[in-house]
Amino acid sequence: MLAGIPRATTELTSNMAYVAMVGFSEFKTGLNLWDKLVSGDAVNIMEAVGSKVISRIYGSDPLGGRLIDTSVLSKKTGIGESSLKGGFRNVINTIHNNSTKKVKNAVELTADTLVSTPDKIMMRPLWFGSFSNAFKDITGVQPDFEKIAARDVDYMIKYQDAMDSAGKVADEKVTMAGIVDNPFMNSLRSYVPSDVSALTKSFKIFNNFMNKFMIGEFLTARRGALAMVGNGNISKTEGAKLMAAVVARMTVYSVMLSMVSQFFYGLFLDDEDEDDEKSFAQKLGQGLASTLTSLLLGRDFGNAMRSVVNYGVEKVNEKYLDFLRDGEYDPYEDAIQYTFIPPEKKGKSLEAFDVLANVSGPYAPSLKSMAFITKKLTETPKKEGDAIERQEQERNIRIPLEVLGNLGYVPMYKDIRSIVNKSIYSELDKEMDKKGESKEEFKPMGLNKTDLKRYYPEIYEQYYGEGTEAGAKRKLEYEKNRLEREMKDEYYQYVPKQRSKAGFGGKGFGTGTGKKSGGFGSKGFGK
């Protein structure tokens, strides 16, 4: 779900932004100790110091990072199970472990390396640099890493207290730079007990999925904010730097991911028809809005509460944050928070399934792939030339890719899948662009769609409502966007807005258009 070249590049860049603001001197010192941190003595040094983050930085488990929790690389199928298996099943498992399982392991190793390397590139020098600087501040001399690795008795006795203190400083720096996998140093909110009911466990999996790194960012930012008001174990200046570093890292991540993805996919596809209307200032504003709403409103909540908060955030974004976009609000391009509420599908029966898929955590890609495969294998054959070709590509190319990718046999599956999807639906994009270019935009009352919808909703419905040609075109555009982006980056896979007739966020709320014109929000209110 996470492994990809654009994401790895963005992760490394955002980590560099963080370290440059709060740990530049320590990182620089660590780079000067490169021969030590890449040597076989690196782990021995951390063990002698008593570090608690060894498995995070040098662990044998390659699947480590702020965005993931565990690995299955070394797990064998059918071996070590608690129950006995039949002879035939054991034979199949043995064949699998010695053939296709090795292929799958290689694919997983590639993915794990892409996910964990950006963190480790920054964390290893940061730990050794932080330890070295702290040790020198305490003792006045540089640490002798050779004696520490060899556990020289006289040296260890003389500098034991200094090593303990410096080790704690280094562990703390690394913990804030990248969430650790030590269960005793992690937030208890991410812990899923094994002795709870299946329903409770399912809810906790959904509630905690992809949430560990956000909780870590909030806790780090909160520490900086408390220090800024004099309530912390670091100075006010350090607290301000820490707060700014978290904001910078999250904003850089949000802004760069889409830009790097567009550049990367452009190397393989002809994207001349893809017109990016947003300025860099608008992209930066959108990323900053995403960061601030995550820290201030999302806080350390689980996904259940975040989904409610994010829905309200998107309602505000749609109505008031026009300056962050050009034209009408597009939930795929303009959203600043992810919401688990699926798009409204009038007349379709998969809405309940979509809700289930969106709250199924790590199983969401597989469930959505199953739904797509079922739909494409059972749909009516197309009759138009382009539609026929597109349907054949979906059945002969995309479906096999979905199956093999979800089973773990396609290296860099996320990137390959995005490229294939863009290629399949590129003609659909061009058709929509031609239709859009063939007609000059009509502006009733001299207002664009966004302003007309805000100030004159009745006139907007007259020209652009669901029953008009523009409304039909808008539905086609949404369908095109959904097909193109449905399995793009899960973190940025935003869903279309829900249209409600009443209630909070509905058209009638606060507008004074109900039966009683003197209600809340009407011109007569308060007179």
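Let me begin with I95, which lies in helix α6, the helix that covers residues 87–97. Together with F88, V91 and I92, I95 makes a nonpolar patch on the surface, with an area of about 420 Å². Before I go on, please keep in mind that what we have on the screen is a predicted model, and that every value I quote is computed from it.

Taking the chain as a whole, we have 22 helices and 0 strands, and of the 527 residues in the protein chain, 43% count as buried. The accessible surface of the chain comes to about 28,500 Å², and 60% of that surface belongs to carbon and sulfur atoms. If we take the contacts in the chain with a separation of 6 or more, then 69% of them are accounted for by residues 24 or more positions apart.

Let me turn to F145, which sits in helix α8. Is F145 buried or exposed? F145 counts as buried, because its relative accessibility is 6%, and the cut-off for that word is under 20%. Leaving aside the neighbours within four places in sequence, the residues in contact with F145 are L33, K36, I45, F128, F131 and S132. For S132, which is 13 residues away from F145 along the chain, the separation between the two C-alpha atoms is 9.4 Å.

One of those contacts, K36, brings me to the charged pairs. As a general point, side chains of opposite charge can pair when their charged atoms come close. How many salt bridges does the structure hold? The structure holds 8 of them, and I will go through some of these in turn.

In one of them, the side chain of K36 meets that of E146, at 3.6 Å from N to O. This pair links distant parts of the chain, since K36 belongs to helix α3, residues 34–37, and E146 to helix α8, residues 145–150, with their positions 110 residues apart. E146 counts as exposed, because its relative accessibility is 55%.

A further salt bridge joins the side chains of E172 and R223, at 3.2 Å from N to O. Here E172 lies in helix α9, residues 153–177, while R223 lies in helix α11, residues 212–228, so the pair ties together parts that are 51 residues apart in sequence. E172 is described as partly exposed, because its relative accessibility is 34%.

Then we come to K376 and E379, whose side chains meet in a salt bridge of 3.6 Å, again from N to O. K376 counts as buried, because its relative accessibility is 7%, and E379 is buried as well, with a relative accessible area of 16%. Nor do these residues stand as an isolated pair, for K376, E379 and E394 are linked in a network of salt bridges.

Finally, let me move to a group of acidic residues on the surface. Which residues gather in the patch of negative charge? They are E384, D386, E389 and E392. Of these, E384 is found in the loop between α16, which spans 364–378, and α17, which spans 385–407. E384 counts as exposed, because its relative accessibility is 60%, and the cut-off for exposed is over 50%.

To bring two of these places together, E384 is exposed at 60% relative accessibility, whereas F145 is buried at 6%.

Technical notes. Residues are numbered from 1 along each chain as its sequence is written. This is a predicted model: local features need pLDDT of at least 70, side-chain atom pairs count only at pLDDT 80 or more; totals for chains, interfaces and linings use all residues. Side-chain values use heavy atoms; hydrogens and water are left out. Patches are made of residues with over 30% relative accessible area and no salt bridge: like charges are joined within 9 Å, nonpolar side chains (Val, Leu, Ile, Met, Phe, Trp, Tyr) within 5 Å. Accessible areas come from the Shrake-Rupley method with a 1.4 Å probe; for residues, only the protein chains shown count as cover. A salt bridge is a side-chain nitrogen of Lys or Arg within 4 Å of a carboxyl oxygen of Asp or Glu. Lys and Arg count as positive and Asp and Glu as negative; His and the chain ends are not counted. The place of a charge is taken as NZ of Lys, CZ of Arg, CG of Asp or CD of Glu. Helices (H or I, at least four residues) and strands (E, at least two) are DSSP runs, numbered from the N terminus. Buried means under 20% relative accessible area, exposed over 50%, partly exposed in between (1.4 Å probe, protein chains only). Contact means heavy atoms within 4.5 Å.
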